[in-house]
Amino acid sequence: MAVFTKNGSVALIRIQNPPMNALKHAVRAAITDNIKKANEDPSVRSIVLHGDGRVFSAGADIKEFQSGKNLGEPGLIKVIHTIENSSKPVVAAIHGVAFGGGLELALGSHYRLIDSKARVAFPEVNIGILPAATGSQRLPRVTDLASAVEMCTTGMPVSAKKALEKGIVDKVIYGDILSEAISFAKTVESKPVGPRRVSTLKVKGKEISSAVFDAAYDMIQKRSRGAIGPLLNVKALEAAVNSDSYEDGLEKEASLVQALFFSGQSRALQYAFFSERKLPKWETPGGSVNYKNTTPMALKEAAVIGGGTMGSGIAACFIASGIPVKLVEVNQEYLDKTLSGIRKIVQRNVEKGRLSQEKAGQQLSLLRGTLDYNELRNVDIVIEAVFENMDLKKKIFRRLDETCKPSAILASNTSGLDIDQMASVTSRPEKVVGTHFFSPAHVMKLLENIRGKRTSPETMATVMELGKKLRKISVLVGNCPHFVGNRMLGPYVREASYLLEEGALPHEVDQVLEDFGFAMGAFKVGDLAGNDVGYKGRKDFGFITREGQEDRFRQGYRYCPIADFLVERGRLGQKSGKGWYNYGKPGGRVAQPDPEVEKLIIESSEKAGFKRRRISPQEILERCLYSLINEGFKTLEENIASRQEDIDMIWLYGYGWPRHTGGPMYYAKNFVGLDKIYERLLYYQALNPDVKHWEPSNLLASEGLKGRMSISRL
C-alpha cells in the first residue's frame with residue numbers, strides 16, 4: 001500500500017493503491033511506518049513521497065466515511081504530522097492529481113515538486129465537508145487568502161503553473177517527475193527542515209482578511225443557494241487567520257468538520273457522489289439486462305438529422321469526442337448556417353483556453369455537412385434531432401430505415417414522443433432508441449436514453465457507452481410520454497400555474513423555488529427557454545385548438561391557460577423582452593415583475609371564478625415539489641425508471657435540482673419523510689379531486705404507510 005525503496009541516500013515511499021491512490025487506512029499506516037523507517041535508517045538523508053500509476057493521490061477513500069474506517073488510527077492528520085516532523089527533508093513529487101488528502105499530504109511535506117501537467121485541488125466542498133486533515137489551516141500559510149477561499153469554496157482544480165504562482169508548490173517539473181525529485185532531494189539534504197514546516201508559517205494577508213472574508217460571504221450568499229459547505233469552508237479559513245496558534249486553528253477545523261459531516265447536506269452530497277458513479281452499472285428494472293451481460297457495438301461514424309440548436313450541439317459533442325459525424329439539412333442555406341454555428345462553438349472553446357487551435361482544426365475535420373441521405377449508408381448511428389412532430393419523425397425514420405445499413409442504430413432526440421411509434425415504421429425496431437440530449441447539448445451533461453419495447457440489449461448498451469464517450473451523465477429509462485425528467489416536470493409546472501390562478505404571482509412562486517435552491521424558478525425558466533416553445537408543445541399535443549381558448553379542463557386535466565395568453569400577446573420571454581417578467585429590451589437578462597402580467601393573471605383567475613387568497617411559501621413549495629416527487633415514484637412503480645438514483649441524477653444534471661439535497665427522491669425520504677409526503681398528497685388530493693397528479697403512487701403510499709407505522713411504535 002506504500003512501498004519503501006532506496007536510491008542512494010534518498011528513501012522512496014511510493015503510494016500504491018490503484019487507480020487513484022486513495023488514502024485508506026492501510027495506506028495511511030504504511031506511509032507512517034515508512035516515514036519512521038526512513039528516519040531511523042542512518043543511510044537515508046532525504047525522502048521522496050510519490051504516487052504509483054497515474055496520480056500522486058486523489059485523497060481520502062470516501063467509502064471509509066460510510067464504514068467509519070476513516071477514523072481508524074493513524075488518521076490522516078497524524079500521518080501528515082509524522083511527515084512534517086521528519087528530521088529528514090520530505091519532498092512530495094506530484095503527478096496526475098493531488099486532490100483533497102493528497103494535497104494535504106503534499107502540504108505536510110517540506111518541499112513540493114509538481115509535474116507540468118498535474119493539478120491540485122481541495123474538492124471536499126463537493127461532498128459537503130472541508131479539507132479537515134489540516135488543509136484549511138495549511139493552505140492560507142502558503143498562498144493568499146483569496147486563492148485559498150476560491151479553492152476551498154469551489155473545489156476547482158488548479159494547474160501546475162497556477163499552483164507555482166500561488167505559492168502552493170516550489171517547482172514545476174517538465175521532465176520525469178520522480179528522477180527530478182530524487183535529484184532535488186539530494187540538493188536539500190544538508191538544509192534544516194524547521195523553516196520548511198508549513199504549520200510554523202504565518203498566515204498570508206492577515207491585514208486584509210476582513211475584506212477578503214466579507215467578499216467571500218457575499219459571493220457564497222449569491223451562488224451557494226442554501227448549501228452550508230462553502231460557508232463553513234470559509235469559517236475554517238477564518239479560524240486559521242484568527243486563532244492564536246496552528247493547534248487552536250486545528251481544533252476549530254475539527255469542530256467545523258463535525259458539524260458538516262453529520263449534517264443532512266453532507267450525507268446528501270455523498271449520496272449524489274456515489275449515485276453518479278453507479279450510473280455506468282446500469283440495468284433495466286429487475287436487472288435482467290445490465291452492463292455486465294451486454295456488449296456495445298463499435299461506433300466509428302455517426303450522423304445527425306437536423307441542424308437546429310439541438311442538432312448543432314449534438315454534432316459538436318461527437319466531434320469533441322473524436323467521432324466523425326455527418327450532419328443532414330433540408331437545404332444549403334440551413335446547412336451553411338448550421339456548419340457556421342458549430343464552428344463558432346468550437347472557436348469559443350479556443351478563445352476560452354479549453355482547446356488549442358490545432359485541436360480545434362482536428363475536431364472540425366471530423367464534421368461533414370450534406371443534403372443527401374445516401375451519404376449515411378455506412379454510418380453506425382443516426383440521431384434525428386428535428387422539431388417535435390411525430391409525422392415528420394416517422395417520415396425520417398422510414399427514410400433512414402431504407403437508407404442505412406441493417407446494423408445501424410436509429411435514435412431520436414425527442415424530449416417526450418413515443419419511441420415505439422417511431423420504431424413501428426422501421427424494419428429494425430430492435431435498433432431504435434431514444435437519446436434525449438438537454439439543451440444546449442454541447443454544454444448540458446445529462447443524456448436520457450430511452451429503451452422502447454423492442455430495443456435490443458446491444459442497442460441499450462451501445463447508447464449508454466456512447467454517453468460515456470461523449471462525457472455525459474447517461475441514464476437509461478423506459479418509454480412513456482415525456483419519459484422521466486419531463487414527465488416529473490409536468491406536475492411541477494402545472495402546480496406553479498395553478499398557484500397563479502389561486503392567488504400567487506410569478507415572482508412569489510419563483511422566489512420560494514430559488515430559496516429552496518433552484519438557480520431559477522419555474523417562470524424565469526419559461527422565459528429563458530421561450531414561452532412559445534411550451535405553447536407549441538401544448539398545441540401539438542392538442543391542448544390548444546384556437547387562440548384565446550379559456551376552458552379550464554382539457555383532455556382529462558385541469559388546465560391553466562394564462563401561459564397561452566402571454567404567448568398570444570407576444571410575450572415570449574427574454575428573447576422578446578417580455579414574458580412572465582419585463583426584461584427591459586429583447587435579449588435582456590434582468591427580470592422585473594410586470595404590472596401588465598399581474599393584471600392579466602388577476603383578471604383571468606377572477607373570470608374563471610377563483611377567489612384569490614394569500615398562499616404561503618410552504619404551500620408553494622409543497623405543491624410544486626411533492627407533486628413532482630409523486631410522479632417520480634410512479635415512474636419507479638411502472639418500471640420506467642430502474643432506480644431512485646437514476647431519477648435523482650436526471651434532476652441534478654438536467655433540471656438544476658439543488659445538489660445539497662441529493663435529488664427529489666433522496667430529499668423526499670431523508671429531508672421530509674415519505675409518511676409526511678404521503679399525508680400531504682392525500683390532503684391536496686382531497687382539495688383538488690380533479691387533479692390527477694395528486695393521486696398517490698402505490699409505491700410511495702406503501703413506503704409512507706411503513707413510515708407511519710414505525711413512528712406509531714415509538
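In this predicted model, the side chains of strand 3 split into two sets: Ser-46, Val-48 and His-50 point one way, while Ile-47, Leu-49 and Gly-51 point the other way. That is the pattern to look for, since in a regular strand side chains alternate between the two faces of the sheet. Whichever way they point, all of these residues are buried. With 6 of the 6 residues in 46-51 falling under the 20% cut-off for relative accessible area, strand 3 counts as buried along its run, so it is largely enclosed by the rest of the structure.

What does strand 3 pair with? Strand 2 (residues 10-15) runs parallel to strand 3 and is joined to it by 6 bridges. Within this pairing, Leu-12 sits opposite Val-48 of strand 3. Getting from strand 2 to strand 3 takes the chain through helix 1 (residues 25-40), and the resulting β-α-β crossover is right-handed. Strand 3 also pairs with strand 4 (residues 90-94), again in the parallel sense, this time over 4 bridges. Here Leu-49 of strand 3 faces Ala-92 in strand 4. So much for Val-48 and Leu-49, which belong to the two sets that point in opposite ways from strand 3.

Further along the chain there is an open sheet of 8 strands, ordered 12-11-10-13-14-15-16-17, and its pairing is mixed. Its edges are strand 12 (367-370) and strand 17 (473-478), each of which pairs on one side only. From one strand to the next, the twist averages 25 degrees. At the strand 12 edge, strand 11 (residues 325-328) runs parallel to strand 12, with 4 bridges between them, and Val-328 stands opposite Thr-370.

Helices pack on this sheet too. Helix 14 (residues 332-351) lies across strand 11 and strand 12, at about 165 degrees to strand 12. Helix 18 (residues 457-469) lies across a longer list: strand 13 (381-384), strand 14 (409-412), strand 15 (432-437), strand 16 (446-451) and strand 17. Relative to strand 17, helix 18 runs at about 155 degrees.

Helix 14 turns up again at the second largest pocket, which has a volume of about 840 Å³ and takes the largest share of its lining, 4 residues, from this helix. Helix 13 (309-320) likewise supplies at least two lining residues. The lining comes to 20 residues, and those nearest the centre of the pocket are Ala-320, Asn-349, Arg-354, His-442 and Arg-471.

How values were computed: Residues are numbered from 1 along each chain as its sequence is written. This is a predicted model: local features need pLDDT of at least 70, side-chain atom pairs count only at pLDDT 80 or more; totals for chains, interfaces and linings use all residues. Side-chain values use heavy atoms; hydrogens and water are left out. Buried means under 20% relative accessible area, exposed over 50%, partly exposed in between (1.4 Å probe, protein chains only). Two strands pair if DSSP finds at least two bridges between them. A crossover is right-handed if, with the strands pointing away from the viewer, the path from the first strand over the helix to the second runs clockwise. Axes are lines fitted to C-alpha atoms, for helices over the stretch in contact, and angles run from 0 to 180 degrees between N-to-C directions. Contact means heavy atoms within 4.5 Å. On a 1 Å grid over the protein atoms alone, a cavity is a set of points where a 1.4 Å probe fits but cannot get out, and a pocket is an open set with protein on both sides within 12 Å along at least five of seven lines; lining residues have an atom within 4 Å of a point. Grid points are joined across faces, edges and corners, and a volume is the space filled by probe spheres set on the points.
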